[in-house]
Amino acid sequence: MPARSAAPARSKPKSTSRPRKLGPEQVARAWARKLDAKRPGLVSFVLDRLAEANGRPVWQPRLDPVSELILTILSANSADINAEVAFEALRAAYTSAAAPVAASTEPRALPGWGGRGLPNLPPPDWSAVEAAPLAELTDVIRPGGMANQKAPRIPAALSALRANGGNYSLDFLAAKPPLEARDWLAAIPGIGKKTASVVLLFSFGTPLMPVDRHVLRVSQRIGLIPPNADPDQAHDLYLAMLAPEQMYEAHVSLITHGRRTCHAQRPDCEHCPVAPRCRYFDPKAE
Ligand code: SF4
């Protein structure tokens, strides 16, 4: 009897579905897990070494939240000292009725800030700032640089605050969950994740991690974040990598390190406390 031929093996149907694309939060969590597995303890090492060199930053209130918002708008793509000049020009041009006649004009240092600081004076009259003709407002803040881009953002932000509660206040954001508060601020035209995170972190201690150019540069060099991460991604990565109580310290420590040691040009690696684990200094650093 002839042998029965074996039935042809069925080939597996090819999947036509594309691999599922991960969302930014999943990508960030995956990076945090990978970093922890490949370079354990790196975040703590960096924070501890920077704390030994520069002191461990402890949150303290800086400015009132609306001043923080306007100062941060003025500091975009400008040196902090120029933002101070523009803020002081606003204060002089639109003086608050509450301003004392003879108040100290001595600047007070602001944590995490690169300028000379600001005197402890009442904020400008925000209703006068919002109502000012745009050309006038632009001229007032011109000494701070990039006035044409920044001037329209100021009344837009003030108008959004007033429309929300009838006054110029951000206090309601203190009680919101961090990402909800950040999204509320970032919905205002001209306000991005960084500005929103700065305002919330410094005003209320909201656990968010602002990533400016110093934080981005230092983080990429050490290898805390991938070398090609953009600022937007870096915000998500840090939210996955840091415990809430580490965010203020990480922001202030990395920004200070970027200003004092890890300069954009010629970083001072010879005197850097983080060098033993920095991938810029040693590409094989663990
Ligand atoms: S070793 Fe050099 S590149 Fe690395 S963090 Fe320190 S100063 Fe920056």
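**Overall fold, domains and ligand shell**

From the N terminus on, the elements of the protein run α-α-α-α-α-α-α-α-α-α-α-α-α. The model is a predicted one. The protein holds 13 helices and zero strands.

The overall dimensions were then computed. Along the principal axes, the C-alpha atoms of the protein fill a box of roughly 115 × 50 × 35 Å. The radius of gyration of the protein is 24 Å. A compact globule of 286 residues would have a value near 19 Å. Of the 286 residues of the protein, 36% count as buried. Contacts were also sorted by their separation in sequence. Among contacts in the protein with a separation of 6 or more, 68% join residues 24 or more positions apart.

The domain assignment divides the protein into two parts. Domain 1 is given as 24-58 + 232-277. Domain 2 is given as 65-204. Taken over C-alpha atoms, the centres of domain 1 and domain 2 are separated by 28 Å. Nine residues from domain 1 and six residues from domain 2 take part in the contact. On the side of domain 1 that touches domain 2, the elements that give two or more residues are α12 (231-241) and α13 (247-260). Of these, α13 provides the largest share of that side, with six residues. By class, the residues on this side of domain 1 are five nonpolar, two polar and two charged.

One loop residue, N77, was examined in detail. N77 is found between α3 (65-75) and α4 (80-93), in the loop that links these helices. Residues with 12 or fewer C-beta neighbours within 10 Å are classed as exposed. N77 has 10 such neighbours inside 10 Å, and therefore counts as exposed. N77 also lies 8.2 Å from M146 in space, C-alpha to C-alpha. In sequence, N77 and M146 are 69 residues apart.

The surroundings of the ligand complete the description. There are 14 residues around the ligand. C262, P267, C269, C272 and C278 come nearest. The shell around the ligand has eleven nonpolar residues. One polar residue and two charged residues make up the remainder of the shell.

Terms used: Residues are numbered from 1 along each chain as its sequence is written. This is a predicted model: local features need pLDDT of at least 70, side-chain atom pairs count only at pLDDT 80 or more; totals for chains, interfaces and linings use all residues. Helices (H or I, at least four residues) and strands (E, at least two) are DSSP runs, numbered from the N terminus. A residue is buried if 20 or more other C-beta atoms lie within 10 Å of its own, exposed if 12 or fewer, and partly exposed in between; C-beta atoms are placed from the backbone. A residue is near a molecule or strand if its C-beta atom, placed from the backbone, lies within 6 Å of it. Ala, Val, Leu, Ile, Met, Phe, Trp, Tyr, Cys and Pro count as nonpolar, Asp, Glu, Lys and Arg as charged, and the others, Gly among them, as polar. The radius of gyration is taken over C-alpha atoms; the globule rule is 2.2 Å times the number of residues to the power 0.38. Two residues are in contact if their C-beta atoms, placed from the backbone, lie within 7 Å. Domain bounds come from an automatic or database domain assignment.
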